[in-house]
Amino acid sequence: MVTRPVRVGGAVIGGDAFTVVAGPCAIESRGQFMTVGRHVRDEGAAVLRGGIFKMRTDPHSFQGLGPEALAYADEVRRATGLPFVVEVAAIEQVDVLAPHADALQVGSRNMHNYYLLKELGRTRIPVLLKRGFAAELREWLLAAEYVAAGGNESIVLCERGIRTFEPEMRNTLDLAGAVWARQHSPFPVLVDPSHATGRPELVTPMCLAAAAAGLDGVMVEVHHDNAAALSDGFQALTLEGFSRLTRALRSILGALGRPLSSPVEEGFSPAG
Ligand code: PEP
Ligand code: MN
């Protein structure tokens with residue numbers, strides 16, 4: 001099936017270029033988000049990520065800064081010029097987050113939240129829809145259909161690992177499933193090896209595999225001080241690790257004749 005490119009701010013996901021979405025698991029402070037944001041921008045990310053309302057397994061763990069982080073997001077988005085994607089965890093957060101973001105992410109735990117998907121279908125903001133960690137591929141595409149049925153066809157899919165019997169990794173990256181989704185839907189498909197593997201040493205190899213498999217990009221978590229991170233520090237790439245990733249991606253993509261996506265599509269000039 002022909003892939004329909006999705007514009008996220010000035011970036012385009014699903015065209016010829018390969019898109020790197022990067023940033024911390026959660027926005028923790030102005031300084032943390034600025035440091036990571038500037039680094040990933042300088043090294044080749046086209047879209048910035050960073051959670052504000054987190055969906056944590058443990059209710060006693062860091063839940064995200066909440067509304068305090070909106071100003072940090074605005075500032076880093078402006079300073080870096082990168083479009084920003086953030087997870088929306090509940091219907092009432094759609095209106096809170098949309099003015100500050102270029103795309104809203106539906107997390108793995110919310111892929112089956114059909115009323116949230118319907119609400120996003122009523123908006124015209126791009127939606128990055130993660131696969132539920134226990135969702136079949138067809139259920140994932142039907143979840144996308146919930147958004148599209150409302151008239152919002154700006155949808156990007158993201159495979160983030162599924163639960164299997166294998167305990168060595170946080171999840172199992174279903175790379176074949178990601179390629180299948182791209183072949184059976186009109187939506188661009190990313191993979192998120194940070195959540196899929198939970199191991200930074202596996203993130204780069206899986207990103208290279210995604211590029212070689214013809215997928216549209218990757219989402220990776222990056223932190224400047226993993227040991228101090230308030231969420232998912234164990235799986236984040238360091239700043240240097242992120243630089244190594246984009247160097248390796250550039251050489252694979254070069255061989256394939258594909259560029260890395262830039263945050264501003266050529267010929268695109270932001271209004272105002
Ligand atoms: C995330 O990307 O911040 C996240 C929570 O991922 P997932 O929904 O895939 O667990
Ligand atoms: Mn995370």
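Arg 49 is found in strand 4 (residues 47-49), where strands (E, at least two residues) and helices (H or I, at least four residues) are DSSP runs numbered from the N terminus. The model is a predicted one, in which local features need pLDDT of at least 70 and side-chain atom pairs count only at pLDDT 80 or more, while totals for chains, interfaces and linings use all residues. Residues are numbered from 1 along each chain as its sequence is written, chains are lettered from A and ligands numbered from 1 in the order in which they are written, and side-chain values use heavy atoms, with hydrogens and water left out.

**Arg 49 and its contacts**

- Arg 49 counts as buried because its relative accessibility is 4%, the classes being buried under 20% relative accessible area, exposed over 50% and partly exposed in between (1.4 Å probe, protein chains only).
- Polar atoms of the Arg 49 side chain lie 3.1 Å from the backbone oxygen of Pro 24 and 2.9 Å from the backbone oxygen of Cys 25.
- A polar side-chain atom of Arg 49 also lies 2.7 Å from an oxygen atom of ligand 1.

**Ligand 1**

- The residues surrounding ligand 1 are Arg 49, Lys 54, Glu 87, Gln 105, Gly 107, Ser 108, Arg 109, Lys 130, Arg 160 and His 195, a residue being counted if one of its heavy atoms lies within 4 Å of the molecule.
- An N or O atom in the side chain of Arg 109 is 3.0 Å from an oxygen atom of ligand 1, and for an N or O atom in the side chain of Arg 160 the distance to an oxygen atom of the ligand is 2.6 Å.
- Of the 290 Å² of accessible area that ligand 1 has on its own, the protein covers 97%, with areas taken from the Shrake-Rupley method with a 1.4 Å probe.

**The manganese ion**

- The manganese ion (ligand 2) has as its protein donors Cys 25 (SG), His 195 (NE2), Glu 221 (OE) and Asp 232 (OD), which lie 2.0 to 2.4 Å from it; donors are N, O and S atoms within 2.8 Å of the metal (3.2 Å for Na, K and Ca), and since water is not among the atoms, sites may look incomplete.
- Distant parts of the chain are linked by the pair His 195, in helix 7 (residues 193-197), and Glu 221, in strand 10 (residues 217-221), which are 26 residues apart.
- Along the chain, the donors of the manganese ion follow the spacing C-x169-H-x25-E-x10-D.
- His 195 and Glu 221 are both buried.
- Asp 232 is found in the loop between strand 10 and helix 9, and this residue is buried because its relative accessible area is 8%.
- Although Asp 232 is not a glycine, it has a positive phi of about 55°; most residues other than glycine have a negative phi.

**Other positions**

- Glu 159 lies in strand 8 (residues 155-159) and counts as buried because its relative accessibility is 0%; its C-alpha atom is 8.0 Å from that of Ala 196, although the two are 37 residues apart in sequence.
- Ala 228 is placed in the loop between strand 10 and helix 9 (239-256) and, at 42% relative accessibility, counts as partly exposed.
- The C-alpha atoms of Ala 228 and Ala 89 are separated by 24 Å, with their positions 139 residues apart along the chain.
- Ser 262, in the segment after helix 9, is partly exposed, with a relative accessible area of 37%.

Key:
Polar contact = N/O pair within 3.5 Å; in protein donor to acceptor, adjacent residues only side chain to side chain.
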